[in-house]
Amino acid sequence: MEHYVTIASCQLNQWALDFEGNRDRIIESIRQAKQQNARLRLGPELEITGYGCEDHFLETDTYTHSWEMFCWIIKHPDCQDILLDIGMPVMYKSVRHNCRMVALNGKILLIRPKLWLCDDGNFRESRWFTPWLRPRVVESFYLPTSVSESLGQKQVPIGDAVLQCKDTVVGIETCEELFTPDSPHVDMALDGVEVFLNASGSHHELRKLSTRYGLIKNSTQKCGGIYLYSNQRGCDGGRLYYDGCAMILANGELLAQGSQFCLKDVEVISATANVDKVRSNRFQPSHGIQGITRPAYERIYIDFSLSSFKQNFDMHYKPTEERPIHIVSPQEEIAYGPACWLWDYLRRSRSSGFFLPLSGGLDSAATAVIVHSMCRIVTNAIKDNVLADVRRIVGDENYTSTCPRELASHIFCTSYMGTENSSKETRNRAKELSSLIGSYHVDMNIDTMTRAVVSLFGMVTGKTPQFRSQGGSNAENLALQNIQARSRMLLSYLFASLLPWVRGYSGSLLVLGSSNVDECLRGYLTKYDCSSADINPIGGISKTDLKSFLQFTKGEFDLPILQNFLDATPTAELEPATNNYAQSDEADMGMTYPELSIFGKLRKIGKCGPLSMFNELIHKWGDHLSPTEIAAKVKRFFYYYGINRHKMTTLTPSYHAETYGVDDNRYDLRQFLYPSWSWQNKRIDDVAAKYEEHERMNKSQAK
Ligand SMILES: Nc1ncnc2c1ncn2[C@@H]1O[C@H](COP(=O)(O)OP(=O)(O)OC[C@H]2O[C@@H]([n+]3cccc(C(=O)O)c3)[C@H](O)[C@@H]2O)[C@@H](O)[C@H]1O
Ligand SMILES: Nc1ncnc2c1ncn2[C@@H]1O[C@H](COP(=O)(O)OP(=O)(O)OP(=O)(O)O)[C@@H](O)[C@H]1O
Ligand SMILES: NC(=O)CC[C@H](N)C(=O)O
């Protein structure tokens, strides 16, 4: 007989330590799940606290408040008659665990601690939690007195058990557990679990969604099963953007998918799936033989069905049909992920908007377009849940406009800060872009400020530095460039704090930075210049991806001016142009942006030191470069990387987007005082000489 279950998964815009807001969003998600006739509701990992509490997970208050909110939720009248899987941290035997709390009608049925924690990249779960580590071990947890009084329950099972409902078996695997080679769902499936609940705290990274989807699809294709994936969404107080994308799959087929970039605080997806199809999917004798030989899980019996008898005899009651997965291009990910992160950051920081130094170059243009994208997303959502925030930020309680340019004119200020080295091309590009996206633009010259600094220096030391083209030394040339760059930083903060006042608004603006991941890697930026901003939406994105992002948004957002930014040669415009010299980024850096992307990926993702990077590149570039040329490029890259690594310690907090990110504080943990790579370079030279010798011998044999 057909045997349908209706289940719901959700994505919530939680905020670390916002206990009341988090609680209310959880309750709202349960209401919505019930409205969708779901009998089970799954929420994101650590949803009561918010996933990003980090060292706050070491504080006992966090555990106390989690219990307070948990009891509130499960006793709430709107949260009855539905099986709940809620995430929170739990302290058991004085040890902290990352747990799933399964509850029904005001009672806890099971506490399931995470077995395998996530510790790579931005994740550091074992700093705060201990993994349960013992598959199938279940113990008794005596509830804290206040909880047992509140719930009328003294003890509950804690451990790796599964839930035997009247009509099916439900098992839990939390986030990283899906990513491990020996995922719990395999043993659970072999022991008859039919519905899997995966609560995640998984942040956005370009091109990552297909990995998650692929893992779930393959698992449910191979093992059979209905798989619910839930995830946090939004900026919960740090550099990460959790990108939702809740999913429900059955036997490899996608039944429901939540949005990836959207401003809804609460989004619930549901599906009706046929449990009998899971059973028939497991027809293979090999499945049965593997299952019968595995140790069984302890089953917690629940007097509750995920299907309803009424539904099963309603001929109009239909299972959800398979739908195609929606995975956007990296260009769209750049357009929407950082934009949603900026909006959460803006409303949660209670600032009045953004200030961006707009140079007429590609990077600050990309940042401006991301703010424009934010304005588009916000004005699109004005009929939903963003109006109150918009009115507060704009400072107008009657604000109703749905025009992105109009919103930008209130909350987005851009400024071109030219010097005598600036060109009219960059100045005009900045002005034109600003007028297309509607920002309040200040076009100024800052020479009075830089001249004042140089003349003060002259007065004190009796020396006047000169640019290289005027006969100055390298030190003079750099110092004169850096004064311009750093003056822009000072002026940015001044204008960010006073422009709202000048315009008759209240509050102050957040300064946006726009250095990309590649120039940070090479250190091609002035420490404490405009790179020292409040936040940076593109600091985790490569120049190559930014170019294709501008190409995409040129058409998508109807901004034809972006072609001029794409066509221009990237230049800092910090040195005087002469008849035979114009400053250019790639010439200055001694390497191209595409080369930098390759170095960056090999260093971080490929975990290459200089020698192994050289060995990799020999096979990649060997058809057009000699071993000595490749050696020179690798040595030059590591030289600049090493001398500039200190700049990463003061890097503006950036949206994390790229697996080869360089954020020294959270993601890419390395020293910042490097030796000269002398041994590494000698070894590269040895190996290069051997390759060249081999090449010579080959050629002479061929003759
Ligand atoms: N090991 C170490 N540990 C800690 N700090 C260290 C250090 N070594 C130098 N430093 C410090 O760092 C300083 C050198 O770094 P920094 O002052 O940044 O100066 P620096 O890296 O020498 O020059 C900035 C470079 O960025 C380029 N650039 C390109 C594009 C745009 C922009 C722009 O700003 O718009 C700039 C510019 O053309 C120039 O080549 C030293 O004077 C010293 O104060
Ligand atoms: N003339 C300027 N006016 C305003 N801001 C500027 C100016 N020059 C530089 N900046 C700021 O300093 C940052 C770093 O300068 P940089 O020369 O690297 O520009 P960019 O926007 O990255 O463009 P590109 O590197 O493609 O020329 C810029 O992103 C911008 O925020
Ligand atoms: N919270 C987690 O366990 C994260 C797991 C996984 N690596 C992810 O990024 O989705």
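Trainee: In this predicted model, how do the residues of the shell around ligand 1 divide into nonpolar, polar and charged?

Mentor: It helps to start with who is there: 14 residues surround ligand 1, and the closest are Ala 485, Thr 526, Lys 527, Ala 572 and His 646. Sorting the residues of that shell by class gives seven nonpolar, four polar and three charged.

Trainee: Which helix gives the most to the shell around ligand 1?

Mentor: Ala 485, one of the closest residues to ligand 1, has a number that falls within the residue range 474-502. The helix with that range supplies four residues to the shell around ligand 1, and its name is α16.

Trainee: Val 502 is found in helix α16, but is Val 502 buried or exposed?

Mentor: The reasoning rests on counting neighbours, where a residue with 12 or fewer other C-beta atoms within 10 Å is called exposed. Because Val 502 has 11 C-beta neighbours inside 10 Å, it counts as exposed.

Trainee: How far is Val 502 from Pro 135, C-alpha to C-alpha?

Mentor: Along the chain, Val 502 and Pro 135 are 367 residues apart. In space, their C-alpha atoms are separated by 63 Å.

Trainee: Turning to ligand 2, which element gives the most to the shell around it?

Mentor: There are 19 residues around ligand 2, and those that come nearest are Pro 357, Ser 359, Gly 361, Asp 363 and Cys 530. Two elements, α11 (362-380) and β18 (412-418), each give two or more residues to this shell. By class, the shell has eight nonpolar, eight polar and three charged residues. The element that gives the most, with four residues, is β18.

Trainee: And how many charged residues does the shell around ligand 3 have?

Mentor: The residues around ligand 3 are Glu 45, Cys 118, Phe 123, Cys 175, Glu 176, Phe 179, Ser 200, Gly 201 and Ser 202. By class, four residues of this shell are nonpolar and three are polar, while the number that are charged is two.

Trainee: Is His 203 buried or exposed?

Mentor: His 203 has its place in the loop between β10 (195-200) and α6 (209-223), and leaving aside residues up to four places away in sequence, it touches Asn 122, Leu 240, Tyr 241, Tyr 242, Asp 243 and His 656. A residue needs 20 or more other C-beta atoms within 10 Å to be called buried. Because His 203 has 26 of them, it is buried.

Trainee: How does UniProt name the stretch of residues 5-277?

Mentor: Over residues 5-277 the chain is 25% helix and 33% strand, with the end C-alpha atoms 11 Å apart. The name comes from an unreviewed UniProt entry, which lists these residues as "domain: CN hydrolase".

Trainee: Which element supplies the largest share of the side of domain 2 that touches domain 3?

Mentor: The domain assignment gives domain 1 (4-323), domain 2 (331-445 + 488-568) and domain 3 (591-702), and the centres of domain 2 and domain 3, taken over C-alpha atoms, are separated by 33 Å. Their contact takes 25 residues from domain 2 and 23 residues from domain 3. On the domain 2 side, α10 (330-349), α17 (517-522) and α18 (543-556) each supply at least two residues. The largest share, five residues, comes from α17.

Trainee: How many of the 25 residues of α24 are buried?

Mentor: Helix α24 covers residues 678-702 and reaches 36 Å from its first C-alpha to its last, close to the 36 Å expected at 1.5 Å a residue. This helix lies largely in the open, because the number of its residues that are buried is two.

Trainee: What is the count of buried residues in α15, and which residue just after α15 takes a positive phi?

Mentor: Helix α15 (residues 447-461) has 15 residues and reaches 21 Å, close to the 21 Å expected. It is hardly covered, the count of buried residues being one. The residue just after α15 that takes a positive phi, of about 80°, is Gly 462.

Technical notes
Residues numbered from 1 in each chain as written. Chains lettered and ligands numbered in written order. Predicted model: local features only at pLDDT ≥ 70, side-chain atom pairs only at ≥ 80, totals over all residues. UniProt positions renumbered as here; feature names shortened; annotations may be inferred. Domains from an automatic or database assignment. Contact = placed C-beta atoms within 7 Å. Near = placed C-beta within 6 Å. Nonpolar A, V, L, I, M, F, W, Y, C, P; charged D, E, K, R; others polar. Expected span 1.5 Å × (residues − 1).
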